[in-house]
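Q: Please take a close look at one part of this protein, the nonpolar patch on its surface. Then place that part among the aromatic contacts and the overall fold.

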Amino acid sequence: MKRLISHLFLNRHSNNRIILLPFAIGLCSLSCWSQQTNTSYTKKVLETSEIDLLFSYYDQDGQNAAVTGGEGTEELTDATSTLVLRMPMNENDVLTVDVGLSAYTSASSSNVNPLDGGNINATPFDASSGESRKDLLAYVNPSYQHSSPDRNSIWSSNLYFSTEYDYFSFGFGGSYTRLFNEKNTEVTLSGRVFLDKWNAIYPIELRSGFFDDRITGNGTYAPNFTPFDQETRNSYSLSLSISQILTKKIQGALFMDVVTQNGLLSTPFQRVYFGDTEAFFIDDFQLADDVERLPDSRFKLPIGGRLNYYVNDFVVLRTYYRFYWDDWGINSHTASLEVPLKLTDRFTLYPTYRYYSQSAADYFYAKEDALSTLEFYTSDYDLSKYDAHQYGIGVQYKDIFANTRIFSFGLKTIDLRFNQYDRSDGLNASIITLGTTFIGN
């Protein structure tokens, strides 16, 4: 249920589900693999093992929870710990293993069953104290990278496994990168496949055998609900990026992704309320007329670019823009600016700003705006029209000689960042991240 986190982070409805990792690798590789070769010695792609230890804490709130039909608390906290180990296998090959745990507590998801916590009064604006308020996501993402002896070709492959209470994901992919024009030009082509499986959990009132003598309303509560007949979701992505060193001070990049999804793209526990049916309640909690119903296919096309400008030894401008389109009716624009400020040889400050704007999906309806005669409908505000602003600040400490040591590893960098996210529909979120990198002997 981590998917309830806003589109800023991983969200299975959001267009940010697009896989951009190959492009990020492409940008880094211009500096990481630009070593020259000679007849006597080939410099290793990675000289020694590295370990990244990452921790993040995320907190959000809002009043448009999809679990309760577009109205209700969106309060959520999430703590994530990640370990990334990079190991040189030989001069040309690197094995990376990325593992993580994410634990969250959500007032919104607790209302999948608002009656299981012994609340005196059930309401969508308060959390139930039952078990559905929390979950744990675990993942492992191993990858293997091979570089040619002249460092002009890079092949990589990866696997991905993740699991949480109601969702399992398996993925695999690979990429090929070619550097030419004296390593000033880089082209990366990559593809990924995700084969996912739901363990569909429905709102408590829509489950077989549900009965409660506290139900109020005109007539008898008998929603015309049928469970989904399939619980798989498959995603396929193909990415192309081109990075170019334009001058001594300017580097640019263009990228495009093609993504297609099919299967169960609806979230089974997100309620919908119709405007042409009677309303039924238990206390102040309105019972679902149905769950969200979305098409079983989706096509996404993001196109964008980056332009980095080296001002001087102390300032760099990093700009980014992306346009997104999908066949559910969403168009979006993303623009961001980061300005690293080198304060000393060891400390760098990172102020950032990001703007996002999107149109509403064809199937989005606010609470009780949808009709029971429609084929598709959702009240998930991640698919509504909104604007968002994100402000951030970060600081990096670099130990040039890795003098600080833990066991046999020396400290390379420490990164501390804070971001505030504000959305026009009232959703607000903040995240703080701490990352450290250690290198071996």
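A: A nonpolar surface patch of about 590 Å² is built from Phe-55, Tyr-57, Ile-393, Leu-416, Phe-418, Ile-432 and Leu-434. The model is a predicted one. Three elements give two or more residues each to this patch: β1 (50-61), β21 (409-423) and β22 (428-439).

Take Leu-434 as one member. Leu-434 lies in strand β22. Its relative accessible area is 39%. Leu-434 therefore counts as partly exposed, since that class runs between 20% and 50%.

Now the rings. The structure holds 18 aromatic pairs. One of them joins Phe-170 and Phe-172, with 5.8 Å from centre to centre and 40 degrees between the planes, a tilted pair. Phe-170 has 24% relative accessibility and is partly exposed. Phe-172 is partly exposed too, with a relative accessible area of 35%.

Tyr-353 and Tyr-391 make another tilted pair, because their planes stand at 45 degrees, with the ring centres 5.5 Å apart. Tilted covers angles that are neither under 30 nor over 60 degrees. Tyr-353 sits in strand β18 (residues 347-358) and Tyr-391 in strand β19 (residues 386-398), so this pair ties together parts that are 38 residues apart in sequence. Tyr-353 has 32% relative accessibility, which makes this residue partly exposed. Tyr-391 is partly exposed as well, at a relative accessible area of 42%.

Rings also group beyond single pairs. Tyr-139, Tyr-160 and Phe-194 are linked into a cluster by ring pairs.

Two arginines sit over rings. The charged end of Arg-417 lies over the ring of Tyr-350, 4.3 Å from its centre. Arg-293 is placed over the face of Phe-228, at 4.6 Å from the ring centre.

Now the whole protein. The fold has two helices and 22 strands. Of its 441 residues, 49% count as buried. Among contacts with a separation of 6 or more, 66% come from residues 24 or more positions apart. The accessible surface comes to about 20200 Å². Carbon and sulfur atoms hold 59% of that surface.

Back to the patch: β1, β21 and β22 are the elements that give two or more residues to it. Leu-434, in strand β22, is among its members.

Definitions and conventions:
Residues numbered from 1 in each chain as written. Predicted model: local features only at pLDDT ≥ 70, side-chain atom pairs only at ≥ 80, totals over all residues. Heavy atoms only, no water. Phe/Tyr/Trp six-rings, centres within 6.5 Å; stacked < 30°, edge-to-face > 60°. Buried < 20%, exposed > 50% of the residue type's maximum accessible area, 1.4 Å probe, protein only. Helix = DSSP H or I, 4+ residues; strand = E, 2+ residues; numbered from the N terminus. Lys NZ or Arg CZ within 6 Å of the ring centre and 35° of its normal. Contact = heavy atoms within 4.5 Å. Areas by Shrake-Rupley, 256 points an atom, 1.4 Å probe, with all protein chains shown as cover. Patch = residues over 30% accessible without salt bridge, like charges linked within 9 Å, V, L, I, M, F, W, Y side chains within 5 Å. Salt bridge = Lys/Arg side-chain N within 4 Å of Asp/Glu carboxyl O.
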